[in-house]
Structures are given as C-alpha cells and as structure tokens.
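I opened this entry to record what I looked up about empty space and helix packing.

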Amino acid sequence: MRNRILFVCLGNICRSPTAEGVLAAIASSEFPGLPLYVDSAGTANYHVGEPPDRRTIAAARRRGYELAALRARQIAPEDFSGFDFVLAMDRANLDELARLAPPEVRAHVGLFLEFVRGLESDEVPDPYYGATEDFERVLDLCEAGARALLRRLSARP
Ligand code: 4NP
C-alpha cells in the first residue's frame, strides 16, 4: 500500500475532515478498486476528540458526505513515516508541519491543492470565523483537490 494520505489543518474540525470524507467518497464512487487509506489531523490540540464543526457537518451533508463520526486528533511524529502523503490545507499548516516533523520523514509533505491546475490559490482558506459560503468553498476546493490527487494516484504505473 503506497496510497496512505493524511490531510492536515489547524483544528481538524473543518477543512481536513472535509478533505478526508470527500476523498473517501469520491474514491469509492469514481475510483473503485484503488487501494487507499485516508485520515486527517490538526497541527493544534484545541479540539482533540471532538466531531467536526456543526457547520462543516451540515455543509458536507447537503452534498451527500457524512462526516459526523469523525473525531479530531493532533498530528504525531510517527505520521510522517506512517503516511505516504501528508497534505496541508494552507501554508501556515505546512510551516507548522516543518516545525513538528521528526528528523526522519518518509512521507511527501506538501499542500493538498498542489495537484490541482488552474486555481487562483493553492490554499484552502480557514472557514472557522467565516460564513456559510466559506464552508461551501472548502467543499468546492476539497472536491477539486480530491479528484486531482486520485487521478494522479490512479495513473501511477
Ligand atoms: P480547521 O479550522 O483548521 O479547518 O479545522 C479551525 C478550527 C478551529 C480553530 C481554527 C480553525 N480554532 O481556532 O479553534
């Protein structure tokens, strides 16, 4: 198995659980048979053990993604070797990952949206202090990012 993916944001209650749920759902409907393990974590520990934000759950549910069973956790040093891809939602998360990484890193550590062409920005903006449309934007970007990443993984020989 070489398709182990960990999505990372700050709190693990808005963006990275959305990316996790969206990628898992799109993989099973559009890329059946692709071996995949997907998880998500936060760089911070503020919300450890909590389900996703209720606005995140509601926005995802409107598009048919069910996120309510997920629980937040903080990234751990072993994640940098236990996953093949550790993908941050924004540059602040990526900087924090560089700070938290142990000396030995086996994963590719980068931005989730680096696989998508033609976007204005390669970051998924934090919706936490935002409005409904900001949660919708997270979903739009996660759908685009998930399809781009899955296409890339399924095309590898
Ligand atoms: P996330 O959003 O990083 O996408 O899960 C946030 C969640 C919580 C906080 C900030 C961002 N917070 O400050 O508690």
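What volume does the largest pocket have? Working from a predicted model, I found that the largest pocket has a volume of about 160 Å³. I noted that its lining is made by Cys9, Leu10, Gly11, Asn12, Ile13, Cys14, Arg15, Tyr46, His47, Asp126, Tyr128 and Tyr129, which by class are seven nonpolar, three polar and two charged residues.

I then turned to enclosed space and found one cavity of 30 Å³ or more, with about 30 Å³ of space in the largest cavity. Which residues line the largest cavity? I listed Cys14, Thr18, Thr56, Ala59, Pro127, Phe135, Val138 and Leu139, and by class I counted six nonpolar, two polar and no charged residues in this lining. H2 and H5 each supply at least two residues of the lining, and the largest share, three residues, comes from H5.

I next looked up how these helices pack. The axes of H2 (residues 54–62) and H5 (residues 132–155) come within 10 Å and cross at roughly 60°, so I entered the two helices as oblique to each other; the crossing of H2 and H5 is right-handed. On the H2 side the contact is made by Arg55, Thr56, Ala59, Ala60 and Arg62, and on the H5 side by Thr132, Phe135, Glu136 and Leu139. By class, I recorded four nonpolar, two polar and three charged residues in the contact of H2 with H5.

Last, I cross-checked the lists: Thr56, Ala59, Phe135 and Leu139 take part in the contact between H2 and H5 and also line the largest cavity, while Cys14 lines the largest pocket and the largest cavity.

Terms used. Residues are numbered from 1 along each chain as its sequence is written. This is a predicted model: local features need pLDDT of at least 70, side-chain atom pairs count only at pLDDT 80 or more; totals for chains, interfaces and linings use all residues. Side-chain values use heavy atoms; hydrogens and water are left out. Axes are lines fitted to C-alpha atoms, for helices over the stretch in contact, and angles run from 0 to 180 degrees between N-to-C directions. Helices (H or I, at least four residues) and strands (E, at least two) are DSSP runs, numbered from the N terminus. Angles under 35 degrees count as roughly parallel, over 145 as roughly antiparallel, 65 to 115 as roughly perpendicular and the rest as oblique. A crossing is left-handed if the near helix is turned anticlockwise from the far one by less than a right angle, and right-handed if clockwise. Contact means heavy atoms within 4.5 Å. Ala, Val, Leu, Ile, Met, Phe, Trp, Tyr, Cys and Pro count as nonpolar, Asp, Glu, Lys and Arg as charged, and the others, Gly among them, as polar. On a 1 Å grid over the protein atoms alone, a cavity is a set of points where a 1.4 Å probe fits but cannot get out, and a pocket is an open set with protein on both sides within 12 Å along at least five of seven lines; lining residues have an atom within 4 Å of a point. Grid points are joined across faces, edges and corners, and a volume is the space filled by probe spheres set on the points.
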